[in-house]
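With the model open in your viewer, follow this tour one selection at a time, beginning at the bound ligand and moving on to a strand and its partners.

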Amino acid sequence: QPFDRRDGVIWFDGKFTPWADANVHVLTHGLHYASAVFEGERAYGGVIFKMREHNQRLIESARMLGFEIPYSVEEIDRACVETLARQGFDDAYVRPIAWRGSEMMGVAAQQNAIHLAVAVWQWPSYFDPAERLKGIRVDLAEWRRPDPRTAPSKAKATGLYMICTLSKHAAERKGYADALMLDWRGQVAECTGANVFFVKDGVIHTPTPDCFLDGITRRTVIGLARKRGIEVVERAIMPEELAGFDECFICGTAAEVTPVSEIAQWRFTPGEVTRTLMDDYAAEVRAHAKAAAAA
Ligand code: PMP
């Protein structure tokens, strides 16, 4: 079913709109000039995991693009919760998006209204479930994450996803599941929709998120690892170092914790640290849902 022709409702500027009618005009600033920011959240057992952090990040991403979402974080939370309830799913993906409207057409858009919509759908597994267990195959992207002086590189802004789509398409053409992007300096950055972690001698190494998205799942996984007494080192990682790591995994709201078996010429064997964190993350999101239901 294409995404513009589904059943249900979408929260659109404060009202529930039939799914197929949740349209914007072709002369929308967000479409022409990428003045849009979004979030990706997951509900487990009817409860959205880390909802407040996601919706706060949405507000901050908008500010990085120079606009203010005309709703408080509490109102955005409520929109997400109510849309999830209206859609009637227990486990689902939640997509808020904010964008500049159509009052002015041109690069400048000071007078444009800011719109917000929230859509909820079922998105069971981001990667092929069979491949996901063995570890996915990832290519090294040719495109790089931009210098923070070139773009607001820490915002979850739609325009930055141009780099991700180009990289993901190139990887999929070669039979890979995803692509790992380096940053403008040549350091390991992130995958097209997830952060990356490596393991060597029981220690986790992950790039410092100074020019790419500091994932909410990333922070959760670092917390879970430290709770287990596993050391986590955030530092600059060069691609040549990939030869020396034993395990590799990626994580994100949609991807959850996904083992990686290959990145270009480098090989990894999903091992104990990866399995532990896959299980701990799955337990954490379910425990969060249970605790919220009991409260
Ligand atoms: N990097 C990119 C490019 C992403 O799209 C995502 C998914 N939002 C992530 C990292 C992981 O972020 P999070 O854990 O907050 O979902």
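Begin by selecting K156 together with the ligand: in this predicted model, a polar side-chain atom of K156 lies 2.7 Å from a nitrogen atom of the ligand. Add I216 and T217 next, where a backbone N or O atom of I216 is placed 2.8 Å from an oxygen atom of the ligand, while T217 brings a polar side-chain atom to 2.6 Å from an oxygen atom of the ligand. The ligand has 390 Å² of accessible area on its own, and the protein covers 95% of it. To see which elements contribute two or more residues to the surrounding shell, colour α2 (51-64), β10 (188-191) and α6 (216-227).

Now show the whole shell, in which 16 residues surround the ligand, with K156, Y161, E190, T217 and T253 as the closest; by class, the shell has five nonpolar, eight polar and three charged residues.

Move next to strand β15 (residues 256-263), where eight of the eight residues are buried, so the strand is largely enclosed by the rest of the structure. Select β14 (residues 247-252) beside it: four bridges join β14 to β15 in an antiparallel arrangement, G252 stands opposite E256, and a hairpin of three residues connects the two strands.

Then select E262, whose bridge partner in β16 is R267 and which is also the bridge partner of R137. Strand β8 (residues 136-145) pairs with β15 in the parallel sense over three bridges, whereas β16 (residues 266-267) pairs with β15 in the antiparallel sense over two. Finish at the two-residue turn between β15 and β16, where A264 has a positive phi of about 45 degrees.

Technical notes
Residues numbered from 1 in each chain as written. Predicted model: local features only at pLDDT ≥ 70, side-chain atom pairs only at ≥ 80, totals over all residues. Heavy atoms only, no water. Buried < 20%, exposed > 50% of the residue type's maximum accessible area, 1.4 Å probe, protein only. Pairing = 2+ DSSP bridges. Near = heavy atom within 4 Å. Polar contact = N/O pair within 3.5 Å; in protein donor to acceptor, adjacent residues only side chain to side chain. Areas by Shrake-Rupley, 256 points an atom, 1.4 Å probe, with all protein chains shown as cover. Nonpolar A, V, L, I, M, F, W, Y, C, P; charged D, E, K, R; others polar.
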